[in-house]
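Biologist: Hey, got a minute to go through this one with me? I'd like to poke at a few side chains.

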Amino acid sequence: MLGQTSHWTINLHIRWITISFSLILTALTFTFLNPHGEQKVIPPSLAKPAFVSSETCKTCHSDRHQTWLTTSHAYALREPSLGSVLGRFDGEAIETPYFTALPYRREEAFFIKVKGKDSRPSGDHMISRVVGKTIGQSFLFTGTKGEWRILPISWNLEHDRWDLSHQVMADINGDLHSFPDNYDSREKIFNDGCGQCHATHYDVGYDDRNQTYASRFLEGSVACESCHGPGSVHVEWHRSKRGNGPGYKAPARLLHPARDLDAKGILASCGRCHYKHDWRYAIEDDPRVSFNEIAVSRNHDGLGFFADGRVSGLNYEGTTQSQSACFQGGMSCLSCHQMHGGKPRALKWEEDSDAQCAQCHTRLVTNPFPHSHHKEVRCVDCHMPKLMTGVLHFMRDHSLGSPEPELTERYGKENAPNACGVCHQKESATWAREWKEKWWGPAPKGLIQNVGLVMDLRKGTKVESVKLVQMAENRGNHLFFRLTAIQKMSLRHDSESRGSLRLLLSDPNEEVRQMGAAGIAENPHPEAAAILLKVLEDPCRTVRVEAAYALARCGWRGTTPAFERGYADALKMLERQRSFDEILERLVILADASGHLKEMINYLTLLSGRQTGIRTI
């Protein structure tokens, strides 16, 4: 009862705030009515922009809307219809070792009937959502608690066939062995980890008490306002014909990513869905807000990575691209991609065109042979090879680096594939390494050492802490290697590891500070308290929360304005977001440390009710 009382009290306060805010907006609206009742535009400084949908946007930007419809963003989470469903729903049975699937249609409704051959349940499922339209389509049905679950077969558009959904899911996350062959994809709830990257202004709508879903969103697509920001003030500004003079500023003037953001800002925006991380917050309405403000980095060794730091999956290429020399030199996602060009994969040129590289490397593109030593290859064949293989299609590597056959020779192509092996499949990695060294020189020693260290960690070989410290603190290393070392140091109790974690809290990279604080939380020690108190003022929200959590884990009890701010930041993790175990754990500890005991009991009740391992209590 105590947990329920607290929950309803919070809801009551939210309702009061909502009603008060509505009354204020209503008053402002009437303030700006002239005596004849004609409504004037509320100055942007007094109005919070709201979402208006792409249907409104296309009234003025029909050409932009049409080109957007050619991208996969437009079909991220559509309702089923005769126009949106492209799979073969002809009543022909699809036989697998584990079930028989029967895709069929009844008038304008689509169904997939599943008859289990093993212990999985049978069911006749009506499709409620369609995911994708350019590479493949997956299909969702709505469960008894409002959750969207993934049906076990998906339609492959490139190969015109049915695939097993769990193989498609493995292909997306980068590990073809991550799901067992008998995995039932209906166990996966789409609303939780997938929904907000497939819809605009998404709210998971999860009820902790009843464990039900009422997910809501503006559009089942990554629509105009996902990238340009909410458009209500912009629309009213132009309807009043106020022009594009000096006063035309945000929020009336919407974000134009290619013009307004540098490479880091573009990655920060695109990376909200195209960068490996764990959600802490719902995606912010403002597309300028970086993924590091709403999530904690997973740019470290684990599922979906090769040992050299490149992603092996289909959807998180920003993680790899961010560590490339090209990105460091100013290249951004939009150097090669555009949402309104009308080309497949939202590219500016054909995918094998050298024109994209000629933007910076004109001399090499004009006369490539002295550099490439190959007559019939394109730049991307060597620097963006199609290494990510799977059931959907081949994906280009976005590391934009040089082929390093020596890594393949030492550690195997499953851990470090190289571009040479894509074409020269009958030749050995040693053969490729010898030619590479003859033409371009040996692989960098530091890279070989870093990959070797990752391989030792994968194999469980004992690695000295001093080596991890060196890899983590070297700012010249790729972020993947630094974060991998930090993750491993968080499991160690020696003075070298603990001292390094404290030092890294002052690093200029917010992902390093995130994981440094998280590492101390996993390995709390009182010596960290002083520096953690300073990190409570960090400019990055997720760093502040991790620092407050780590401080409480180190024994802090009491409160300061900065600690209360960290607790307030943590509370916002519950807005439009499911309260995952990691979130509740932090709220339990932070509420307890700052004396919010009723709230602490509420969060603890929710957490313990899930019958999961409670690490921090």
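**Thr200 and its surroundings**

Modeller: Sure, and keep in mind that this is a predicted model. A starting point: the backbone nitrogen of Ala223 lies 3.0 Å from a polar atom of the Thr200 side chain.

Biologist: Which other side chain does Thr200 join in a polar contact?

Modeller: That would be Ser226, with the two side chains joined at 2.9 Å.

Biologist: And where does Thr200 lie?

Modeller: Thr200 is in the loop between α5 (190-193) and β9 (206-207).

Biologist: Is Thr200 buried or exposed?

Modeller: Thr200 is buried: its relative accessible area is 1%, and the cut-off for buried is under 20%.

Biologist: What is Thr200 in contact with, leaving aside neighbours within four places in sequence?

Modeller: The list has Phe51, Phe217, Leu218, Glu219, Ser221, Val222, Ala223 and Ser226. Ala223 and Ser226 are the partners from the polar pairs above.

Biologist: Switching to rings. How many aromatic pairs are there?

Modeller: The count is 16 aromatic pairs. One of them is Phe179 with Tyr183, where the ring centres are 4.8 Å apart and the planes are at 45°, so that pair is tilted. Tyr183 is buried, at 17% relative accessible area.

Biologist: What about Trp435 and Trp439, how are their rings arranged?

Modeller: Their centres are 5.0 Å apart with the planes at 45°, so this pair is tilted. An angle between 30 and 60 degrees is neither stacked nor edge-to-face.

Biologist: Why are Trp435 and Trp439 separated by about one helical turn?

Modeller: Because they are four residues apart in helix α18 (residues 429-440). Trp435 is partly exposed at 32% relative accessible area, and Trp439 is partly exposed too, at 29%.

Biologist: Which residues form an aromatic cluster?

Modeller: Phe89, Phe110, Phe139, Trp155 and Trp162 form one.

Biologist: Now cations. Which ring does the charged end of Arg541 sit over?

Modeller: The ring of Tyr281, with the charged end 3.7 Å from its centre. There's also Arg242, whose charged end sits over the ring of Trp237, 4.3 Å from the centre.

Biologist: Trp237 is in α7, right? Which residues of that helix are buried?

Modeller: Yes, α7 covers residues 232-239, and Ser232, Val233, His234, Val235 and Trp237 are buried there.

Biologist: What do those buried residues pack against?

Modeller: They pack against α2 (54-57).

Biologist: And what does the backbone do just after α7?

Modeller: Lys241 takes a positive phi there, of about 55°.

Methods: Residues numbered from 1 in each chain as written. Predicted model: local features only at pLDDT ≥ 70, side-chain atom pairs only at ≥ 80, totals over all residues. Heavy atoms only, no water. Helix = DSSP H or I, 4+ residues; strand = E, 2+ residues; numbered from the N terminus. Buried < 20%, exposed > 50% of the residue type's maximum accessible area, 1.4 Å probe, protein only. Polar contact = N/O pair within 3.5 Å; in protein donor to acceptor, adjacent residues only side chain to side chain. Contact = heavy atoms within 4.5 Å. Phe/Tyr/Trp six-rings, centres within 6.5 Å; stacked < 30°, edge-to-face > 60°. Lys NZ or Arg CZ within 6 Å of the ring centre and 35° of its normal.
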